[in-house]
Amino acid sequence: MTYRALLLVSALSSIWFSPAHAAEQWDSKLIDTHPAAEDLTLPMPCGGAMVFRPVDVPAGSGELDDTAITIGRKDSQDGYNQFLRTAWLGAPFTVPSHKDLQRYYIGKYDVTRNQYNAMMSGQCTAATAAGRLPQTQISFKDAQDFAANWTVWLLKNARDKLPQRQKKPGFIRLPTDAEWSYAARGGMKVSPSDFLAQTWPMSEGAEQYIAAGPDVGGVQPVGSLKPNPLGLYDMLGNVDQMLQESYSLNRVGRLQGLNGGILTRGGNYLANPDELSTSLRGEVPPYNPATADMTKLPTLGFRVVIGAEALGSLEATQQAQAAFDAILTHAEQQSSDTHKLLEALARDATDPATKLGLERINAQIASDARARTDVQMTALRAQYQALIALGNTIWESQNIITQIDSYISSTKSDPTVDLSGASNNLARHKTQLAGQVSGFISLVQAMSDSANDTPLLTKAADLEREAIAQRGQTYQLSFLSVAQEKVMQAHKSGLPTPDDVLTALKKITPQGRDTK
């Protein structure tokens, strides 16, 4: 081919991939059958598009901030695969007006045949209703190539549509296990107890949310059933979803060190619906030894997320170092005497192996101290949740007592009314209230004793406040404010009295707002 011919091919290719020469825009129903607020839509070649949903993470705004999430199931059935473990999740993008939230975006639906063909076939064919089926019969490499090709196309044709981190556009990739798990369980849109359940709340029955079982009859068009609380469709059933990292076994609370085959999540339409959960993990061999080819299955598909560079600038690198130094300093302060002793021993050691061993021990102590801080943050948030529940119970008890008191006062002049039952009921509720208040104060004391600095207590409350707002349970915010106020009081000047607690909670109106 001549140089002029190469130039012509290149020019025609760039014209084909440009939005100006794109095919007719797809019917919106072939892109998104369930439009919703906060959807993010990115264009594709051939007049196509894909919709993403935002997933907010209560992780703070620092370069090294993240949040602990619990993955897996509590019982030991299939424990090597599904047992409980802690994962750490951060997100690349900021959330306007929410300094303690970070955000990532995940595909609202699995990647469809229409979308895959638009990006990978090299020619524009009309999008069809049949093309709303999830794309299957592709390899892990095919899924990675789709993400890479689309990213390049977006950077050339729609850079401004991509969310930015540190003034750099994001990119398309497969989800990590933590990202998928957090989004599938409902993220901040469900309560902490629902997050730990095996599925998100399915008020209308699992068959309305999960495309699986003998009655399904095969793979279904994306979005055929109801979404999870984050507005994501087909997170369980229909087709298995390939993830970014390899499969690993569970070694009682953590992943075992061997990386295996392709990690999949969600299950597929051939499964028993009762066996599908957000904890289920699958492994698919990347290659088929019988055919000497990459594995491609009719039950294997994928969805994508929008990620970004962790360090996109010199400023970000400096901020990360500053955050690391602050965390390390805090860890060293918690065990400063041990650090000084080990450093002295390492300086005096002449044997290189001994010196290296002492340095490793020193680093492990710092790591353990950092881990203790992370665990403490998780515990403090759980304690705030318990104080909110207790505060709500105390508030209800006070209102019941007030109603019984009012009834007795208004009826005691009537000799025909026997008030003994009401009086006994009043005494019982007052006894219960005293126990509730005692438990509240005990928990406040435990939080004050366990947290050695005010910023940690404040950050835990701020993260919990964001989580409550995201769940739409705003009535809890007043109870959180009272809990935080009493914890800070205990931390600075001493434990609150029962009257302090009762007075503060009594100011909350039935709408959950403080009275003035």
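Q: How many disulfides does the count come to?
A: The count comes to 1 disulfide. This is a predicted model, where local features need pLDDT of at least 70, side-chain atom pairs count only at pLDDT 80 or more, and totals for chains, interfaces and linings use all residues. Residues are numbered from 1 along each chain as its sequence is written, and side-chain values use heavy atoms, leaving out hydrogens and water.

Q: Why is the link of Cys-46 and Cys-124 called a disulfide?
A: A disulfide is a pair of cysteine sulfur atoms within 2.5 Å. The sulfur atoms of Cys-46 and Cys-124 are 2.1 Å apart, so the pair fits.

Q: What does the pair tie together?
A: Cys-46 sits in the loop between strand 1 (40-43) and strand 2 (49-57), and Cys-124 in the loop between helix 3 (113-120) and helix 4 (140-157), so the pair ties together parts that are 78 residues apart in sequence. Helices (H or I, at least four residues) and strands (E, at least two) are DSSP runs, numbered from the N terminus.

Q: What makes Cys-46 count as buried?
A: Buried means under 20% relative accessible area, exposed over 50%, and partly exposed in between (1.4 Å probe, protein chains only). Cys-46 has 3%, so Cys-46 counts as buried.

Q: Why is Cys-124 called partly exposed?
A: Its relative accessible area is 30%, so Cys-124 falls in between the two cut-offs.

Q: How do you know that the buried residues Val-501, Leu-502, Ala-504 and Leu-505 of helix 13 (residues 498-506) share a side?
A: They cover an arc of only 165° around the axis, which puts them on the same side of helix 13. The arc is that of the directions from the helix axis to the C-beta atoms.
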